[in-house]
Amino acid sequence: MEGDVMDKVEAKATVCDFDPISGSIPATKVEITVSCRNLLDRDTFSKSDPLVVLYTQGAESKQWREFGRTEVIDNTLNPDFVRKYILDYFFEEKQNLRFDVYDIDSKSPDLAKHDFLGQVHCTLGEIVGSPASRLEKPLGGIPGKKCGTIVLSAEELGNCRDYATMQFCANKLDKKDFFGKSDPFMVFYRSNEDGTFTICHKTEVIKNTLNPVWQHFSIPVRALCNGDYDRTIKVEVYDWDRDGSHDFIGEFTTSYKELCRGQSQLNVYEVVNAKKKIKKKRYINSGTVSLLSFNVESEHTFLDYIKAGTQIHFTVAIDFTASNGNPSQSTSLHYMNPYQMNAYAMALKAVGEIIQDYDSDKMFPALGFGAKLPPDGRVSHEFPLNGNIENPYCNGMEGILEAYHQSLKTVQLYGPTNFSPVVNHVARYAAAVQDGSQYFVLLIITDGVISDMAQTKEAIVNAAKLPMSIIIVGVGQAEFDAMVELDGDDIRISSRGKLAERDIVQFVPFRDYMDRTGNHVLSMARLAKDVLAEIPDQLISYMKSRGIKPNPIPPAYSTGDHLQTNPV
């Protein structure tokens, strides 16, 4: 038996599996689904609003690092989270995991501001090795309290890169609300090898109707059926209630194979409530659900676009407002310590050194905002760090750092903290090249409190239509609640009633990455990993929204085009 296992491991590590891009043997990817049961109730007038945070442990340092968070589910002690964790699984390593559960009470990303509901430690091997790869463990961490249980399920992901886009409507659903019609939504589950079900998608809620038409949604085919086209897909229809006690209307089952037939009589499903069926002799159904459209496309990866010649243009914008403190004093965030980089320089170097590999000429515009400029002392919110309005390009990371140090000696820190001018500055250049050949990334480094929130939101909503992403790194000890709002991970940002087309902002507070041991190399690597993690998906989401496929042949690169397309 042991020999078989080793044979399998060796077979997996053959030359044909070698990936020349990453230079390593690809790991097996495992998707972890999280549910909790009988959580502690920390809210006085309603149930808890749980969220689960996964931490992984570094192999050498043994430090716990946050890997990711589920969504927040309001008003429930028995959540089934839709957001999954996808981990690389190494048979030969002990991969320690820790799951912490919190009751979320505000928009703050700081977990210390929320109620702790318990935690559990396990290894990835423990989950994978459990019967049907489903591990149920009691939550602990609060002395003298029963904290409920956490259920962790693992499934190896197939390498299928297809995405299915579909739309459904329903007809004559049961009326569940006393004073109005129902507020229906649907929940999709894929079946597992052992007959259990795993949640894979929730539609939006359509208010006050028995004949809803839900929006199109896209989902990886592997999430629906993990490559088994005959596998049962179960769909439950509910009437949404504010208090979380959603009323069950009924359910139906289908399969990927059936959905592939597209819109037809074969894809009209009776929604059946089994309890009602037993009770009522004349019961037929609780309405019907029809498939309106279904199509499948192969998903292109970030590397497909990079290989095909897409260039990533990097622009940096640095906060020169007075709240940073006098640069000549050691308490200032802009203080130039001869022996150590300040937080601005560290954040800039950490992110820039990775992004510069995707830009062929390594020339980067660098801007400042919130300072009074010589000679007349006018306040500017988009001035070139090198002082050259005609050509604000700096040569590589070293060039940007040099221009940053020089400008600290010539400008006067002032205010207010306005983001919208630099966002609109880069957006103007992104708007000129929307064919997929170029993608723009703006890095804003700031000490915090934003003065032009409404204008910045509007600028971001407009920029979300363009080939660009925004990274915000917050330095210092300020409250960064406004930045979290701009980072539309949980609630998509909107302006004047208009929702951003894509989530293009990623915010991280720099203080979360300061290594207690003073090991800046490690903390910078972690910062870069986290702030850049969303860029590939954001680039893909732009390309998909515009129907842009990777060019089969990289376009010829000419310096003549360069000046029109790079931000100036």
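This report covers a buried threonine, aromatic pairs, charges over rings and one helix in a predicted model.

**A threonine in a loop**

Thr 209 sits in the loop that joins strand S11 (197-202) to strand S12 (217-220). Its relative accessibility is 15%, so Thr 209 counts as buried, the cut-off being under 20%. The side chain of Thr 209 makes a polar contact with the backbone nitrogen of Asn 211, at 2.9 Å. Set aside the neighbours within four places in sequence, and Thr 209 is in contact with Lys 181, Ser 182 and Pro 184.

**Aromatic pairs**

A pair of aromatic rings is described by the distance of the centres and the angle of the planes. The model holds 16 aromatic pairs. Two of them are set out here.

| Pair | Distance of centres | Angle of planes | Class |
|---|---|---|---|
| Tyr 238 and Phe 248 | 5.6 Å | 65 degrees | edge-to-face |
| Tyr 256 and Phe 294 | 5.9 Å | 65 degrees | edge-to-face |

Why is the pair of Tyr 238 and Phe 248 edge-to-face? Their planes stand at 65 degrees, and the class requires an angle over 60, so the pair qualifies. Tyr 238 belongs to strand S13 (residues 232-239) and Phe 248 to strand S14 (residues 247-255). The two residues are 10 residues apart, and the pair links distant parts of the chain. Tyr 238 counts as buried, at 18% relative accessibility. Phe 248 has a relative accessible area of 27%, so this residue is partly exposed.

The planes of Tyr 256 and Phe 294 also stand at 65 degrees, so that pair is edge-to-face. Tyr 256 lies in helix H4 (residues 256-259), and Phe 294 lies in strand S16 (residues 288-298). The pair therefore ties together parts that are 38 residues apart in sequence. Are Tyr 256 and Phe 294 buried or exposed? Both are buried.

Ring pairs also build a cluster. Its members are Phe 320, Tyr 344, Phe 383 and Tyr 404.

**Charges over rings**

Two lysines sit over tyrosine rings. The charged end of Lys 234 is 5.2 Å from the centre of the Tyr 189 ring. Lys 544 lies over the face of Tyr 163, 4.0 Å from the ring centre.

**Helix H10**

Helix H10 spans residues 453-463. Its buried residues are Met 453, Thr 456, Lys 457, Ala 459, Ile 460, Val 461 and Ala 463. What covers the buried residues of H10? The cover includes helix H9 (420-432) and helix H11 (481-486). Strands contribute too, including S25 (468-474), S26 (494-495), S27 (498-499) and S28 (505-509).

How values were computed
Residues numbered from 1 in each chain as written. Predicted model: local features only at pLDDT ≥ 70, side-chain atom pairs only at ≥ 80, totals over all residues. Heavy atoms only, no water. Helix = DSSP H or I, 4+ residues; strand = E, 2+ residues; numbered from the N terminus. Buried < 20%, exposed > 50% of the residue type's maximum accessible area, 1.4 Å probe, protein only. Polar contact = N/O pair within 3.5 Å; in protein donor to acceptor, adjacent residues only side chain to side chain. Contact = heavy atoms within 4.5 Å. Phe/Tyr/Trp six-rings, centres within 6.5 Å; stacked < 30°, edge-to-face > 60°. Lys NZ or Arg CZ within 6 Å of the ring centre and 35° of its normal.
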